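Here's a walk through one model, taken a piece at a time. Have the sequence and the 3D view open as you read.

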Amino acid sequence: MIVMMLFLFAFGSAIGSFLNVVIYRMTRGESFVYGRSYCDHCKRQLAWYENIPLLSFLALRGRCRTCHKRIDASYPLIEAITGVMFVWWYLIGFTFFQLARAPFTYLQPAFWLVVGIIFILVFFIDLFKYVIPDVLVVVLSVLALMYRSALLIAGIFQPYDYWMAIASAFGFSLLFYALVRITKGRGMGLGDVKFMFPLGLILGFPQTILAVYLAFIIGAVVAVALLVARKKKFGQVVPFAPFLILGSVLSLIWGEPLLSWYFGLL
Ligand SMILES: [Zn+2]
């Protein structure tokens, strides 16, 4: 089990290393394919041993070997998060998301792993660049719709839940669109409107409401903290997708206890 965990962590951080490349390309529009192959500062080509997930960063103590400038901490952070996600998926997620019937015994956990990977991409791309690439929204929407439809056809998902998931997707996208129009884009942007569509499909009802509610609370807390810490001025843009993703993850994993606790307070 420990060996398997270590293997999955290493494998996950290697995937995370690849996600760094995807994020780099999607935020800076550069056209190299073969990894983060050079230093961000001195542009020196990196040797293979400077590109090992996490280990290179630790061995180099976070600095470039030649120009000694800091390597952006987001690289090892994304590698570590992806590694942890793979281990979590193995220990808890696999049984958590697993339905007893074939072929969903493997399809379902695999689906959620892909959702996790896309969440990591959207989280950091929006955080760095304040955009959510359309291609990720489309891929996530198609996957979620196929997955939900397959469950419906197999009789695992009830028609009521299926249509409520679709209604959540359209309903919350429309609500966000109205918010964007009312605030003239100073709050969230059109990217959030589009991203809300696959989130509604994935979360269903009533978890979508909980996820959006949590996103607004976490977003407000972080915005106030940034203002107090003077990292942001009032009215400055704060990306919203990271909060939507945090809200969605909380809602997916602890949705039921959170909802019953909340209604227990009333
Ligand atoms: Zn350098």
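Where is the place of phenylalanine 124? Look in helix H4. Keep in mind that this is a predicted model, so treat what follows as a reading of that prediction.

**Phenylalanine 124 and the helix around it**

Phenylalanine 124 has a relative accessible area of 6%, so it counts as buried. Its C-alpha sits 9.9 Å from that of leucine 19, although 105 residues separate phenylalanine 124 and leucine 19 in sequence.

Helix H4 itself covers residues 104–129, and it packs with helix H5, residues 134–153. The angle between H4 and H5 is about 160°, and their axes are 11 Å apart. Which way do they run, then, roughly parallel or roughly antiparallel? Because angles over 145 degrees count as roughly antiparallel, H4 is roughly antiparallel to H5. As for handedness, H4 passes H5 in a left-handed crossing.

For another distance in the fold, take alanine 167, which belongs to helix H6, residues 159–182. Alanine 167 is partly exposed, since its relative accessibility is 41%. Its C-alpha is 21 Å from that of phenylalanine 111, and the two are 56 residues apart along the chain.

**Salt bridges**

How many salt bridges does the structure hold? There are three, and here they are with the separation of the closest N and O atoms.

| Salt bridge | Closest N and O atoms |
|---|---|
| Arginine 44 and glutamate 50 | 2.9 Å |
| Glutamate 50 and arginine 65 | 3.1 Å |
| Aspartate 134 and lysine 194 | 2.8 Å |

Start with glutamate 50, which pairs with arginine 44 and also with arginine 65. The pair of glutamate 50 and arginine 65 links distant parts of the chain: glutamate 50 is in the loop between H1 and H2, while arginine 65, 15 residues away, is in the loop between H2 and H3. Is glutamate 50 buried or exposed? At 5% relative accessibility, glutamate 50 counts as buried, and arginine 44 is buried too. Arginine 65 is partly exposed, with a relative accessible area of 39%.

The remaining pair to describe is aspartate 134 with lysine 194, at 2.8 Å. Aspartate 134 is in helix H5 and lysine 194 in helix H7, so this salt bridge ties together parts that lie 60 residues apart in sequence. Aspartate 134 is partly exposed, with a relative accessible area of 43%. Lysine 194 is partly exposed as well, at 38% relative accessibility. Going back to the shared partners, salt bridges join Arg44, Glu50 and Arg65 into one network.

**Backbone oddities in the loops**

A few loop residues are worth a click. Lysine 43 has a positive phi of about 65°, and it isn't a glycine. You'll find lysine 43 in the loop between helix H1 (2–28) and helix H2 (55–59). Lysine 43 counts as partly exposed because its relative accessibility is 48%.

Histidine 68 is another non-glycine with a positive phi, about 60° here. Its place is in the loop between H2 and helix H3 (74–96).

Further along, which peptide bond is cis? That would be the bond from phenylalanine 205 to proline 206, with omega near 5°. Proline 206 belongs to the loop between helix H7 (190–203) and H8.

**A nonpolar patch on the surface**

Now for the outside of the model. Tyr213, Ile217, Val221, Trp261, Tyr262, Phe263, Leu265 and Leu266 form a nonpolar surface patch, and together they have about 900 Å² of accessible area. Helix H8 (207–228) and helix H9 (241–265) are the elements that give two or more residues to this patch. Which of the elements gives the most? H9 does, with four residues.

Leucine 266 is in the segment after H9. Is leucine 266 buried or exposed? Its relative accessibility is 72%, which means leucine 266 counts as exposed.

Technical notes: Residues numbered from 1 in each chain as written. Predicted model: local features only at pLDDT ≥ 70, side-chain atom pairs only at ≥ 80, totals over all residues. Heavy atoms only, no water. Patch = residues over 30% accessible without salt bridge, like charges linked within 9 Å, V, L, I, M, F, W, Y side chains within 5 Å. Areas by Shrake-Rupley, 256 points an atom, 1.4 Å probe, with all protein chains shown as cover. Salt bridge = Lys/Arg side-chain N within 4 Å of Asp/Glu carboxyl O. Buried < 20%, exposed > 50% of the residue type's maximum accessible area, 1.4 Å probe, protein only. Axes fitted to C-alpha atoms, helices over the stretch in contact; angles between N-to-C directions. Parallel < 35°, antiparallel > 145°, perpendicular 65-115°, else oblique. Left-handed = near helix turned anticlockwise from the far one by under 90°.
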